[in-house]
Amino acid sequence: MKKLKLKPDTHINNMRIRGWIEAKDVYELRNVSRILNSKMRKQRKKYGLCPQKTIETYNLLINGFAQIGGSDRMEEAEKVMEHLLMDRYSRPNNETFCALFRGYMNLKERDHEYRAEMMLFWLCKMRDFKIKPNVEIVKPFTHMKIYFPS
């Protein structure tokens, strides 16, 4: 980016994150997640990241960790979600919760009760934000045979 004299912005951040998701590069995703959620300006500059985070950036990170799979990846997705909940400029949306629910649905290492409990926990958070569930939100619950409260 320095050679091209490009200044980092959220669009470039998101494009780079998409590339790391497609490459399933967990190491880079973790670094980006850690750097974006910290106050380390030097690290951001070194990585060529812009400090602003949009809901799309959060959704990409959560979806990326959930897609790659594994219980430690879902823990990373939860950490990103917790940072999102503390961010005063961004709010979660249907896509955010849908990515989390799909991640829990595909998490085969954990028992059914744990996954169901986590899904219901995040569903309660979703309702706290007054986000109405859509069809994509209901699918993981139906797939796992969990009663979806109306």
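F97, F101, F141 and F148 form one aromatic cluster in this predicted model. Rings of Phe, Tyr and Trp (its six-membered ring) are taken as a pair if their centres lie within 6.5 Å, with planes under 30 degrees apart called stacked, over 60 edge-to-face and the rest tilted. The count by this rule is four aromatic pairs. F121 and W122 form one that is edge-to-face, at 5.0 Å centre to centre and 75° between the planes. The two partners differ in burial, a term that means under 20% relative accessible area, whereas exposed means over 50% and partly exposed in between (1.4 Å probe, protein chains only). F121 is partly exposed, with a relative accessible area of 40%, and W122 is buried at 2%.

**Basis of the model**

The model is predicted: local features need pLDDT of at least 70, side-chain atom pairs count only at pLDDT 80 or more, and totals for chains, interfaces and linings use all residues. Residues are numbered from 1 along each chain as its sequence is written, and side-chain values use heavy atoms, with hydrogens and water left out. The predictor's confidence in each residue, pLDDT, runs from 0 to 100. The protein chain averages a pLDDT of 83, and 84% of the residues score at least 70. Confidence is lowest in helix α3 (residues 41–47), with a mean of 61, and highest in α6, at 93. Where pLDDT is low, the predicted coordinates should not be read in detail.

**Overall architecture**

Helices (H or I, at least four residues) and strands (E, at least two) are DSSP runs, numbered from the N terminus. The protein chain has eight helices and zero strands. Of its 150 residues, 43% are buried. Contact means heavy atoms within 4.5 Å; among contacts with a separation of 6 or more, 61% join residues 24 or more positions apart. The exposed surface of the chain is about 9,200 Å², of which carbon and sulfur atoms supply 54%. This area comes from the Shrake-Rupley method with a 1.4 Å probe; for residues, only the protein chains shown count as cover.

**The nonpolar core**

A nonpolar core is a set of buried Ala, Val, Leu, Ile, Met, Phe, Trp, Tyr and Cys residues joined through side-chain atoms within 4.5 Å. The largest such core has 37 residues, and those with the most contacts inside it are I17, F97, L100, F101, Y104 and W122. At least two residues of this core come from each of α1 (10–22), α2 (26–36), α4, α5 (71–86), α6 (94–106), α7 (112–128) and α8 (135–143). The largest share, seven residues, is supplied by α6.

In α6, the buried residues are T96, F97, C98, A99, L100, F101, G103, Y104 and M105. They pack against α4, α5, α7 and α8. Beyond residues up to four places away in sequence, L100 touches I62, M74, A77, M81 and W122.

The expected span of a helix is 1.5 Å times one less than its number of residues. With 13 residues, α6 reaches 18 Å from its first C-alpha to its last, close to the 18 Å expected. Helix α1 also has 13 residues and reaches 18 Å, close to its expected 18 Å.

**Helix α1 and its contact with α4**

The buried residues of α1 are I12, N13, N14, I17, W20 and I21. I17 has a relative accessibility of 0% and counts as buried. Apart from neighbours within four places in sequence, I17 is in contact with L29, V32, T57, L60 and L61. The C-alpha atoms of I17 and L61 are separated by 7.3 Å, although these residues are 44 residues apart along the chain.

T57 lies in helix α4 (residues 55–68). T57 is buried, with a relative accessible area of 1%. Leaving out residues up to four places away in sequence, T57 touches N14, I17 and L36.

**Positive phi angles**

Most residues other than glycine have a negative phi. The lysines below take positive values.

| Residue | Place | Phi |
|---|---|---|
| K24 | just after α1 | about 55° |
| K130 | loop between α7 and α8 | near 60° |
| K145 | segment after α8 | about 60° |

K130 is exposed, with a relative accessible area of 72%. K145 likewise counts as exposed, at 75% relative accessibility.
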